[in-house]
Amino acid sequence: MSFANIQIPPLYALDPFLQELVNKLALDMPAFTFTTKGISNQDIKYNTSKSAIQDRKIVPPENVEFLRIVRVYKGAEHLGEISIDTRYARRGPTEPIYCIKSWRIDNQRGSANTSTTNKLTGAVRIVKKTFLPMIAAEIIEKASAEINSAFGGAIRDLVRPIQHSDMVPNTTIMQRYLYLLLRGEEIPDGAKEVMRRDFLSEKYEKAMLEYLLAEKMMNKQYAVVVQYNDAYLIKRFHADSHAIEYKPFDELPEKAQSALAVLQLMENSELVDDVGFRFNDRNFYILDDLFAMMHKQE
């Protein structure tokens, strides 16, 4: 039996052990799609085989490999990942297991977001319990954590050359120069020339401008903005976890619209002065002040 919501590239076939689970879920949850979308080529390569995981004598058709991993979506929302593996069994050397990965799973041992079981019924139960579309508060909470982490990384990348003095090859000369300058003493021409060369270079100017941008932006307040379906979820900086608004683009303040338009043109993990930060094409930090007129417009 084939299912329209199981979408696997023609060069692959689901491993029989995985297919039993996926078929059951596809029948029970027709709104969900089971696919390789979003899985890296490296992960696909790691999770393919020329033989079945339960019985090495079972092989796929010619020019096809057995696939041991799928991702699950509802619409555009990624709900989780299902894969198969082996582990040592009490009776016999190894046994196949289902590995169910979801951000809702929070284990104290092993992989924090993965549950494993060798039982089909157990795997079905875990998937149905954890592969649930997120509500607005969950979407914002998850996006906020990811954006904040990437924002911190972008800030660190910009300040590192100046903080670590990477742009000044000879810090000894620099210290001597400043020592003499601040005391009004004569500075040797050689030291002046080194300082001019290092501090007036285009390379140093670029690093300092990036440092100043990072310093400025790390002290700003931002609203979390997430594109969801055909509109935007917005959580203002001082709002509590339940104060989330859902607005179409044309109902946002004009300044917020302009900020979103600018960030959509940027690369991922890019900071824009007086605008905000783009994590990816759906998740942003935007200066909170740009939403100040939102309620006054209503």
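Buried means under 20% relative accessible area, exposed means over 50%, and partly exposed lies in between. The model used in these exercises is predicted.

**Exercise 1. Classify both partners of the Lys128–Asp28 salt bridge, and place them in the fold.**

Step 1. Take Lys128. Its relative accessible area is 39%, so Lys128 is partly exposed.

Step 2. Take Asp28. Its relative accessible area is 30%, so Asp28 is partly exposed too.

Step 3. Check the contact. The closest N and O atoms of Lys128 and Asp28 are 3.0 Å apart. The cut-off for a salt bridge is 4 Å.

Step 4. Place the pair. Lys128 sits in helix H3 (residues 120–130) and Asp28 in helix H1 (residues 16–28), so the bridge ties together parts that are 100 residues apart in sequence.

**Exercise 2. Classify Arg236 and Asp288, then find which parts of the chain their salt bridge links.**

Step 1. Start with the contact. The side chains of Arg236 and Asp288 form a salt bridge, 2.9 Å from N to O.

Step 2. Locate the partners. Arg236 is in the loop between strand S11 (231–235) and strand S12 (245–247). Asp288 is in the loop between strand S15 (283–287) and helix H9 (294–297). The two residues are 52 residues apart, and the pair links distant parts of the chain.

Step 3. Apply the cut-off. Arg236 has a relative accessible area of 18%, so Arg236 is buried. Asp288 has 6%, so Asp288 is buried as well.

Step 4. Look for shared partners. Lys24, Asp28 and Lys128 are joined into one network by salt bridges that share partners. The search of the whole structure finds 13 salt bridges.

**Exercise 3. Describe the salt bridge between Arg104 and Glu138.**

Step 1. Read the distance. The N to O value for Arg104 and Glu138 is 2.9 Å.

Step 2. Place the ends. Arg104 lies in the loop between strand S8 (94–101) and strand S9 (114–117), while Glu138 lies in helix H4. They are 34 residues apart.

Step 3. Classify Arg104. Its relative accessibility is 25%, so Arg104 counts as partly exposed.

**Exercise 4. Which elements line the largest pocket, and what is the lining made of?**

Step 1. Get the volume. The largest pocket has about 800 Å³.

Step 2. Find the centre. There are 29 lining residues, and the closest to the centre are Ala76, Glu77, His78, Met134 and Lys142.

Step 3. Assign elements. Strand S6 (69–74), strand S7 (77–88), helix H4 (136–163) and strand S10 (222–228) each give two or more residues to this lining. S7 supplies the largest share, five residues.

Step 4. Sort by type. The lining holds 10 nonpolar, eight polar and 11 charged residues.

**Exercise 5. Repeat the analysis for the second largest pocket.**

Step 1. The volume is about 280 Å³.

Step 2. Of 13 lining residues, Tyr46, Asn47, Ser83, Ile84 and Asp85 are the closest to the centre.

Step 3. Helix H2 (41–46) and S7 each give two or more residues. S7 gives the most, with four residues.

Step 4. The lining divides into six nonpolar, three polar and four charged residues.

**Exercise 6. Which residues make the nonpolar surface patch of about 310 Å²?**

Step 1. Name the members. Leu178, Leu181 and Leu182 make the patch.

Step 2. Place Leu178. Leu178 is found in helix H5 (residues 171–182).

Step 3. Test Leu178. A patch residue needs over 30% relative accessible area. Leu178 has 40% and is partly exposed.

Technical notes: Residues numbered from 1 in each chain as written. Predicted model: local features only at pLDDT ≥ 70, side-chain atom pairs only at ≥ 80, totals over all residues. Heavy atoms only, no water. 1 Å grid on protein atoms, 1.4 Å probe; cavity = no way out; pocket = protein on both sides within 12 Å on 5 of 7 lines; lining within 4 Å. Points joined across faces, edges and corners; volume = space filled by probe spheres on them. Nonpolar A, V, L, I, M, F, W, Y, C, P; charged D, E, K, R; others polar. Patch = residues over 30% accessible without salt bridge, like charges linked within 9 Å, V, L, I, M, F, W, Y side chains within 5 Å. Areas by Shrake-Rupley, 256 points an atom, 1.4 Å probe, with all protein chains shown as cover. Buried < 20%, exposed > 50% of the residue type's maximum accessible area, 1.4 Å probe, protein only.
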